[in-house]
Amino acid sequence: MEHALCFWWLVVNSGYHDGVMIRGLVFLLLAVPAVFAQSDVDQTLAKERDLVGKYKYQEAQSLLKNLLKRNPNCGRCYLEQASLNFQMQDGMEALKSLDKAIAVADTNEVKVTAHHYKGVMLMQGDKKQVAQAEQEFRQVLALDPKHASTHFKLGLMLMRQNRQDEGAAELHQFLASGSALAEDVAYVNKVLAKPQLASETPAPDFSVKTNDGRTISLSENVGKIVVLDFWATWCPPCRASVPEIKEMVRKYPADKLVVISSSADQDEKAWREFIAKKEMTWPQYHDADNHLAQLFNVNAYPTYIVIDRDGFIRRRFTGQNPRESISHKLRDELKSILE
């Protein structure tokens with residue numbers, strides 16, 4: 001189950017209503033191991049996941065409902081229903097599905113998974129919800145004292161409440177698990193050295209191939225400021241911002257600032273012609289499958305995301321106000337961290 005830790009960053013600073021949280025929990029719940037498997041259930045869930053992958057949510061929901069009628073005590077089925085609820089951005093129903101999974105669970109694995117993701121959903125809520133989240137995490141650790149992901153989430157939550165000794169103890173347990181990814185270890189060590197970082201949002205790493213065939217990733221640009229520009233040729237304010245972004249690229253040296261433009265265009269030819277005509281020489285990525293936009297929870301254009309030298313999301317701007325251009329919005333931010 002701990003292989004799902006690669007998605008930890010998705011839930012560091014998001015509430016369950018947040019799109020990033022929703023996608024992260026979808027992937028995490030889909031990572032539930034096959035130890036719960038039953039042939040009929042597995043076959044149906046495979047079909048359901050295929051439908052979800054094709055964004056056929058209503059059909060997937062109908063399939064799950066029928067499955068649960070046949071298997072009313074299937075805890076794993078309720079976990080999958082929670083996953084679909086997340087995908088459909090219905091956090092309240094997701095919580096109900098997780099409660100049902102706990103109520104009918106006949107294995108520790110189902111109980112642990114459901115309690116853990118209830119905690120993840122609640123940990124960014126109000127004071128009452130945070131208290132509930134802690135109870136959920138404590139339930140997990142009572143069932144599985146070595147559950148690394150829960151030590152990680154609980155540690156961060158406690159650090160944010162200025163319960164630093166308790167939080168640090170949980171994070172050390174996470175490191176001692178031996179199952180943490182290198183990037184997770186690096187992040188936790190930063191938080192232990194500088195507890196205020198627990199409240200910051202780490203940016204997810206990514207690797208994309210640009211229009212000129214180069215591969216560029218966030219991890220290779222640690223130590224630089226990275227500005228992600230989510231745009232499309234069909235978006236008037238996106239087109240209008242091109243000269244300002246070009247000026248920004250010209251003003252700051254490449255060893256300090258990297259701008260990556262990610263296009264939502266479906267017409268690749270139109271996209272290539274536009275960037276050639278406008279001489280957009282900085283890294284250009286065609287996000288044909290919407291992968292990068294989903295990774296950063298982008299659903300409006302233009303959207304600009306500023307990532308600092310340590311890989312944390314510093315600012316996020318969406319849309320363009322004619323009275324306040326992107327360069328104006330970014331000016332003070334870039335000045336404070338670049339000049």
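**Entry 1: disulfides**

I began with the cysteines of this predicted model. How many disulfides does the count come to? Taking sulfur atoms within 2.5 Å as the rule, I get two disulfides.

I looked up Cys 74 and Cys 77, and their sulfur atoms sit 2.2 Å apart. The torsion about that S-S bond is about 75 degrees, so I noted the disulfide as right-handed. Cys 74 has a relative accessible area of 10%, which makes it buried. Cys 77 is buried too, at 0% relative accessibility.

Then I went to the pair formed by Cys 235 and Cys 238, where the sulfur atoms are 2.4 Å apart. Here the S-S torsion is also about 75 degrees, so this disulfide is right-handed as well. Both Cys 235 and Cys 238 are buried.

I also wrote down the connectivity: counting bonded cysteines along the chain, the pattern is 1-2, 3-4. A reminder to myself: a disulfide is a covalent bond between the sulfur atoms of two cysteines.

**Entry 2: Arg 76**

While I was at the Cys 74 and Cys 77 disulfide, I checked Arg 76, which is placed in helix α4, residues 75-87. Is Arg 76 buried or exposed? Its relative accessible area is 7%, so Arg 76 is buried. I looked for a partner and found Asp 42: a polar contact of 2.3 Å joins the two side chains.

**Entry 3: the chain as a whole**

Next I stepped back for some totals. The protein chain holds 14 helices and seven strands. It has 339 residues, and 51% of them count as buried. I then took contacts between residues at least 6 apart in sequence, and 60% of these join residues at least 24 apart. The exposed area of the chain is about 16,000 Å², with carbon and sulfur atoms supplying 49% of it.

**Entry 4: helix α12**

I picked helix α12, residues 268-277, for a closer look. Which of its residues are buried? I found Trp 271, Phe 274 and Ile 275. Seen down the axis of α12, the buried residues fall within an arc of 90 degrees, so they line one face of the helix. On the other side I noted Lys 269, Ala 276 and Lys 277 as exposed.

What do the buried residues of α12 pack against? I listed β3 (225-231), α11 (236-251), β4 (257-263) and β5 (284-286). One of the cysteines from my first entry, Cys 238, takes part in the disulfide with Cys 235, and its number falls in the range of α11.

I checked both ends of the helix as well. At the N-terminal end, Asp 267 is the cap: one of its side-chain oxygens lies 3.1 Å from the backbone nitrogen of Lys 269. After α12 comes Glu 279, and I noted its positive phi, near 55 degrees.

**Entry 5: aromatic pairs**

I searched the whole structure for ring pairs and got seven aromatic pairs. For Phe 230 and Phe 296, the ring centres are 6.2 Å apart and the planes are at 50 degrees, so I logged the pair as tilted. This pair links distant parts of the chain, 66 residues apart: Phe 230 is in strand β3, and Phe 296 is in the loop between α13 (291-295) and β6 (303-307). Both Phe 230 and Phe 296 are buried.

Trp 231 and Phe 274 came next, with ring centres 5.5 Å apart and planes at 40 degrees, so this pair is tilted too. Where are these two residues? Trp 231 is in strand β3 and Phe 274 is in helix α12, 43 residues apart, so I again have a link between distant parts of the chain. Trp 231 is buried, at a relative accessible area of 1%, and Phe 274 is buried at 14%.

I also noted one aromatic cluster, formed by Phe 152, Phe 174, Tyr 187 and Phe 312.

**Entry 6: Asn 290**

My last look-up was Asn 290, in the loop between β5 and α13. At 28% relative accessibility, Asn 290 counts as partly exposed. I compared its place with that of Ser 263: the two are 27 residues apart in sequence, and their C-alpha atoms are 8.9 Å apart in space.

Methods: Residues numbered from 1 in each chain as written. Predicted model: local features only at pLDDT ≥ 70, side-chain atom pairs only at ≥ 80, totals over all residues. Heavy atoms only, no water. Buried < 20%, exposed > 50% of the residue type's maximum accessible area, 1.4 Å probe, protein only. Helix = DSSP H or I, 4+ residues; strand = E, 2+ residues; numbered from the N terminus. Arc of directions from axis to C-beta. Contact = heavy atoms within 4.5 Å. Polar contact = N/O pair within 3.5 Å; in protein donor to acceptor, adjacent residues only side chain to side chain. Areas by Shrake-Rupley, 256 points an atom, 1.4 Å probe, with all protein chains shown as cover. Phe/Tyr/Trp six-rings, centres within 6.5 Å; stacked < 30°, edge-to-face > 60°.
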